[in-house]
Amino acid sequence: MKSRRAGPPPRRSGWVVVMSAFFIMGLTTGVFKNFGHFFLDIQCHFGVPTSTTSWVSSTTIAMFHLGAPVASMLVVQFSQRAVIIVGGLLTGSGMFLASLDLGLPWLYLTMGVLQGLGISLSWIPANSMVSHYFVRWRPIAYAIASSGECVFAVMFSPFFQWLIEVYSWQGALLIIGGLQLNLCVCGALMTPLETVQSPLQETKDSLEGDATALPPKRKVIFQCSLMRKPELFLYILFAIFSAPGFFIPPLFLVPFATSLGMDNYWPAFILSILALSDLAGRLICGWVSNMRLMRNLQLLAMVVTLLGVVLLLLPVCHNYWVIVVFTSLYGFLFGCVVSIHVTSIVDIVTLEGFDNALGLFMLFRSIGGFIGPPAAGWLVDETSDYSAAFYLSGLCPILSAVFVVLVDHLVQKRKAAEAEDCQVIRQEDWEEGKLK
């Protein structure tokens, strides 16, 4: 008995999913990337050190990643649509409650725990939907969906700065919470791919020949046994060590630029430049990946190394336009990494294990995301120089690239062994047929 969809969805359904995911990325990670605008206001309001303030964003990052396995299990148990709607309610509630300004620990709970968990419950199912709807065009579809983070980050950067100036940071959080409730609408537009039992062979996909049926729901809702794969284990080490390079720079770019004597809207302009170059990197790298000019893991190792080098060079010069240039390079390379580092999981564990592997990947990446910002904040407090944060965030991706190279070697070795086994089986079948 072979499993197939109950009825092929219309061709446009796949692209509706992509556009819904586009808005989900913008209303989750696009908002989070602009948390830097609130950093100095929160620090001054409570009169605490940089490292203490960093725990707000660090808690958000940790919950975003720790919630990934929970999101993966809920997707298998229920549906992507239901999980995204719950995530939208949590993110909106987190911002609403944070605006009450009941103390710094209250921000850890609301902006940290509720917001981070809500982002996770929205972001993970959106990625899952895009990956299951597309095969041949998966890199392009994912690049378009993930670019929502960049487009919204560009718009949100000056918008958040304006909200803070007009309504204070508490009022800004209240308005942002209202915007994030639109995640519930995006979730309602997600059409799950159902499966039924049929003796007939699987019909060709109607979504440009790309939609793939979701695997039937199993009793085992989370496969930790995937950790036994050395390729996935090494890829998780890459996730842990690369995380500081992802989360530290957006948080400290605004304070760094402000420390150089720049006016409020100039740092906001830097974040907009970062988001635009990030968008370009995602779309261009997604297109290059789709052309199969080189293996995804090879491309990933190259761009992660370059990203680390750029971060080490970014704080060297204190000229505004030099910072803009290096920020643009960082954003472009960051976009390249984001466009392929999730889809590369399919190369490691195949599509069947993608949802569980993504949950594990995000879970362990929380280690680097949780420790990175406070560690950078501690270095800034000790040295009284924001450059230290960028040096830390630059060294980590360079180290993580080593693990990607090892993963690529193991994957190629495994594929060569599988091809050899297939060749032996075909040869034996041919010889048996010849004897008969």
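Does E231 count as buried or exposed, and at what relative accessibility? At 7% relative accessibility, E231 counts as buried, where buried means under 20% relative accessible area, exposed means over 50%, and partly exposed lies in between (1.4 Å probe, protein chains only).

The model shown in these views is predicted, so that local features need pLDDT of at least 70 and side-chain atom pairs count only at pLDDT 80 or more, while totals for chains, interfaces and linings use all residues. Residues are numbered from 1 along each chain as its sequence is written, and side-chain values use heavy atoms, with hydrogens and water left out.

**View 1. The protein chain as a whole, with its 14 helices and 2 strands.** Helices (H or I, at least four residues) and strands (E, at least two) are DSSP runs, numbered from the N terminus. Of the 436 residues of the chain, 57% count as buried. Among the contacts with a separation of 6 or more, 87% are between residues 24 or more positions apart, a contact being heavy atoms within 4.5 Å. The chain exposes about 17800 Å², of which carbon and sulfur atoms supply 68%; accessible areas come from the Shrake-Rupley method with a 1.4 Å probe, and for residues only the protein chains shown count as cover.

**View 2. The salt bridge between E231 and R414.** The structure holds 6 salt bridges, each defined as a side-chain nitrogen of Lys or Arg within 4 Å of a carboxyl oxygen of Asp or Glu. In the pair shown here, the closest N and O atoms of E231 and R414 are 3.2 Å apart. Because E231 lies in helix α8 (residues 230-259) and R414 in helix α14 (residues 387-435), the pair ties together parts that are 183 residues apart in sequence.

**View 3. The salt bridge between D408 and R295.** The side chains of these two residues meet at 2.8 Å, N to O. D408 belongs to helix α14 and R295 to the loop between α9 and α10 (296-313), so this pair ties together parts that are 113 residues apart in sequence. D408 is buried, with a relative accessible area of 9%, whereas R295, with a relative accessible area of 33%, is partly exposed.

**View 4. A network of salt bridges that links K33, E149, D278 and R282.** Within this network, the side chains of R282 and D278 meet in a salt bridge of 2.7 Å, N to O. Both residues lie in helix α9 (residues 265-290), where R282 and D278 are 4 residues apart, about one turn of the helix. Both R282 and D278 are buried.

**View 5. The surroundings of T110 in helix α5 (residues 104-133).** T110 counts as buried, at 0% relative accessibility. When residues up to four places away in sequence are not counted, T110 touches G94, L97, A98 and Q115.

**View 6. A nonpolar surface patch of about 590 Å².** The patch is made by L89, F96, L97, L100, L102, L174 and L181. Patches are made of residues with over 30% relative accessible area and no salt bridge, like charges being joined within 9 Å and nonpolar side chains (Val, Leu, Ile, Met, Phe, Trp, Tyr) within 5 Å. Helix α4 (residues 80-98) gives the most to this patch, with 3 residues. F96 lies in helix α4 and is partly exposed, with a relative accessible area of 30%.

**View 7. A cluster of aromatic rings that includes F22, F23, W162 and Y167.** Ring pairs link these residues with F38, F152, F156, F159 and F160 into the cluster. Rings of Phe, Tyr and Trp (its six-membered ring) pair if their centres lie within 6.5 Å, and planes under 30 degrees apart count as stacked, over 60 as edge-to-face and the rest as tilted. By this rule the count comes to 22 aromatic pairs. The rings of F22 and F23 have their centres 5.6 Å apart and their planes at 80°, so the pair is edge-to-face; F22 is buried, with a relative accessible area of 13%, whereas F23 is partly exposed, at 37%. The rings of W162 and Y167, with centres 6.0 Å apart and planes at 85°, are likewise edge-to-face. W162 counts as partly exposed at 40% relative accessibility, and Y167 is partly exposed with a relative accessible area of 43%.
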